[in-house]
Structure formats: C-alpha cells, structure tokens
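Thanks for making the time. I would like to go through the cysteines and then the internal cavities of the model that is now coming up on the screen.

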Amino acid sequence: MHEDRLLLGPGPSEPYPEAMEALTRPVLGHLDPEYLAVIREIRERLQQVFRTTNELTLPVSGTGSSGMEACFASLLEVGDTIIVGVNGYFGERLCEVARRGGAEVVRVEAPWGTPIDPADLVAAQQANPHAAVLAVVAAETSTGVRNDIAPIGEALSQTDTLLLVDAVTALGGTQLEIDAWKVDASYSASQKCLGAPPGLAPVTMGPRAVARMKARKTPVRSFYLDLGLLHEYFLASPPTYHHTASSTLAYSLNAGLGRLLEEGVEQVWARHERIGRMLQSALPELGFGLIAPDSHRLPQLTATTLPDGLDEGSLRKRLLGEYGIEVGGGLGAFAGRAWRIGMMGHAATERSVVTLTGAVRELLA
Ligand code: PLP
C-alpha cells in the first residue's frame, strides 16, 4: 500500500518531482567517473546555494546529523573548548555531540522561543579566547527562531575561534551567506528546503577551517566522517576508495538543487517568506499562537501553540489519519503543547497553506 501524504512537518518535506524521478536512474559505482562528475556538479550547485567559493563543499553520506558530526569530528580535538549557542533542542544536540567528542563545552543560552543575542556569543568568545570553535544553529527547528549569524562571523574573523553554523533548516529557505558572513564551516540536510529525500548532508568548509583540520595534532577520530579523507575521495585523481557513497541519492540531491537554482536562490527565499507569512497570518484566526517573535520568526518552520483545551497529539494524529497531512509535535520545552509546521522546498506553496488550514478548520469544527 502506498501512503499518500502531504509532508508539512519539520522535515522531511515534500521532495521536488525531479528529485524523486532521479531515484530511478541506474546505480553507478562510487568510483565511476560519471558519479564523480555528478558530485562535482553538486559541489558547484551547493556553492551557489551556500553562497560560497569554498572548494571543500560536498555531500556527506547520511542525514543532517552526519554533517554535524563530520564538522565536529574534523575540527575538534579532545580537550578543545567549544562555545555553543543554546536556545532550543538542536543547540542542545550540538553540546551533546561536542561533549561526546571530548570537548569542553561553554554554553551561551537564551530561553527557548527567543533568539540568541550575538553580543552574548561574542562576549563568551572574549572570555574564552582559546576556544577552537563557536557553534550556533541558524534556524532552530524546535522553536521556529532565526538566530543572527552575520555579526558573530565578523567578530570571530578577528580571532582564532572558528564559526560553525548549523544550516539544516536554513539552507535554501532563508538568507544564508557563508562567505559574506564569514562562516568557517556549515552543514545542512537534503530533506528540508533543498527539496530532496533524506540521506545526504551538504557540508562546506572555508580556508581557516581547512587549515585547522590540516594542523591537527591527532587524527580525526571518525574515519567515516573525516572531511579531509572525504575531500580526497571525491577529488583525487585517480579517485581512491573511501566508502560506497550512493549515486542514487546524489542524483536526487542534484536534481533538487537544479530545480532550486532554476527558480533562483533569492526567489526561493522570497517564496518561503511569502508562504511562511501567509501561514502565520492564518494560524491566529484558528486560535493558534506563534511562538517565535516576529523579528526572528522563520518562514519555513513555524512553531505554534494550540487553542486552549486541545490535545495536540490526538489532533495531529487525526490530521495524519483523516487528511494524510503530517505536521510535527513540540520538542523539549514545547513537548505536548506545540506544533511545528514546515513549509519547505516543494511544499512551500499556497496550496499547502490552504490545504492545511482547511483541514484544521474541519477538525476543529
Ligand atoms: N539541526 C537542525 C537545526 C535540525 O532541524 C535537524 C533535524 O531536524 C538536525 C540538525 C539533524 O538532522 P537529521 O535529523 O537530518 O539528522
């Protein structure tokens, strides 16, 4: 049986049809020149979407978390200090991954549902000038809050602390400028605003991060997620085996990126903005509250409280069962009392907003 779903949760989102068609192409070997040509095309396309000229730009096998782990494993050594901005579930995840990697974590917190003040992060770096990395989530998927990145990059570029940005929900959805904002490393995921299914994690690393990786005193602890080795695998001539990367997923991501670039990066941001705002103006009429403040509210992911007295879990279950529409429940501080609604990639359309709000209206009636 094939389930017919409309994916309007925090991800995966609806993939572009081109990305799904690409999945049926014949499988290629992981050293096939044709596969490596697709990887090079993906790199060029990702450079346009990340807005960077970084040579080390590639899709890591695995979901967004593999991009996160690859950046941490490749940049940190045991005992290093890392400053982490925490204002939601994924900021917490960054702390946990860094801690497991043997880093000393300095937390800079803001309440869930509010943005982190960039000045607090910069002050933490000044108090810990030896910190190897400062990591922050650009689009906090647990609360729908956008964190400001540009002022942090400018300040850190004068120091030896690298700026690592989680762009899992941000990339292709809202403005993200890796080079102009002086971001040293960033990672994302194929299944959100890029319009492809889950399975690949785009990663980009600038010259300062590459130099840091090359100057390591100890080898990267993860063989699989060593970005230096991955870069060699994709670029060495002749290519050398590292792991059996999936040509199927590469074709699919490449097709999603192709569709995105055909529309235009800034046009895609504008579409997400328009659709997010349309949803956010419709929700209060249904009794839903918006969690993020207007100034830092993401368009591609809306976290919302429910009308008084409603059980979010059973309403969400009915939305899925009766209408085939998936939205996400709250995480952490918002578990059991919020929804997370994604209007990302191919699903960022007027039709999605009207379909969702129409179904919710019926369910509430
Ligand atoms: N970071 C953020 C901001 C996310 O939203 C997610 C997933 O939703 C992740 C990291 C982890 O990505 P994945 O679930 O693809 O491994």
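**Cysteines and cavities**

What we have here is a predicted model, and the structure holds 0 disulfides. Cys95, to begin with, is in no disulfide, the nearest cysteine sulfur being that of Cys71, 16 Å away. Cys95 is also buried, with a relative accessible area of 7%. For Cys193, the closest cysteine sulfur is again in Cys71, and because the two sulfurs are 18 Å apart, they are too far from each other for a bond. Cys193 is likewise buried, and its relative accessible area comes out at 0%.

Let me turn to the cavities. A search of the whole structure finds 2 cavities of 30 Å³ or more, and the largest of them holds about 60 Å³ of space. Its lining is made up of Ile39, Arg40, Arg43, Glu55, Thr57, Leu58, His231, Phe234 and Leu235, with helix 2 (33-50), strand 2 (56-61) and helix 8 (227-235) as the elements that each give two or more residues. By residue class, that lining divides into 4 nonpolar, 2 polar and 3 charged.

The second largest cavity has a volume of about 30 Å³, and the residues that line it are Tyr35, Ile39, Pro59, Ser61, Leu200, Phe234, Ala245 and Ser246. Here the elements giving two or more residues are helix 2 and strand 2. Which classes of residue make up this second lining? It divides into 6 nonpolar and 2 polar residues, with no charged ones. Ile39 and Phe234 appear in the linings of both cavities.

Key
Residues numbered from 1 in each chain as written. Predicted model: local features only at pLDDT ≥ 70, side-chain atom pairs only at ≥ 80, totals over all residues. Heavy atoms only, no water. 1 Å grid on protein atoms, 1.4 Å probe; cavity = no way out; pocket = protein on both sides within 12 Å on 5 of 7 lines; lining within 4 Å. Points joined across faces, edges and corners; volume = space filled by probe spheres on them. Helix = DSSP H or I, 4+ residues; strand = E, 2+ residues; numbered from the N terminus. Nonpolar A, V, L, I, M, F, W, Y, C, P; charged D, E, K, R; others polar. Disulfide = S-S within 2.5 Å. Buried < 20%, exposed > 50% of the residue type's maximum accessible area, 1.4 Å probe, protein only.
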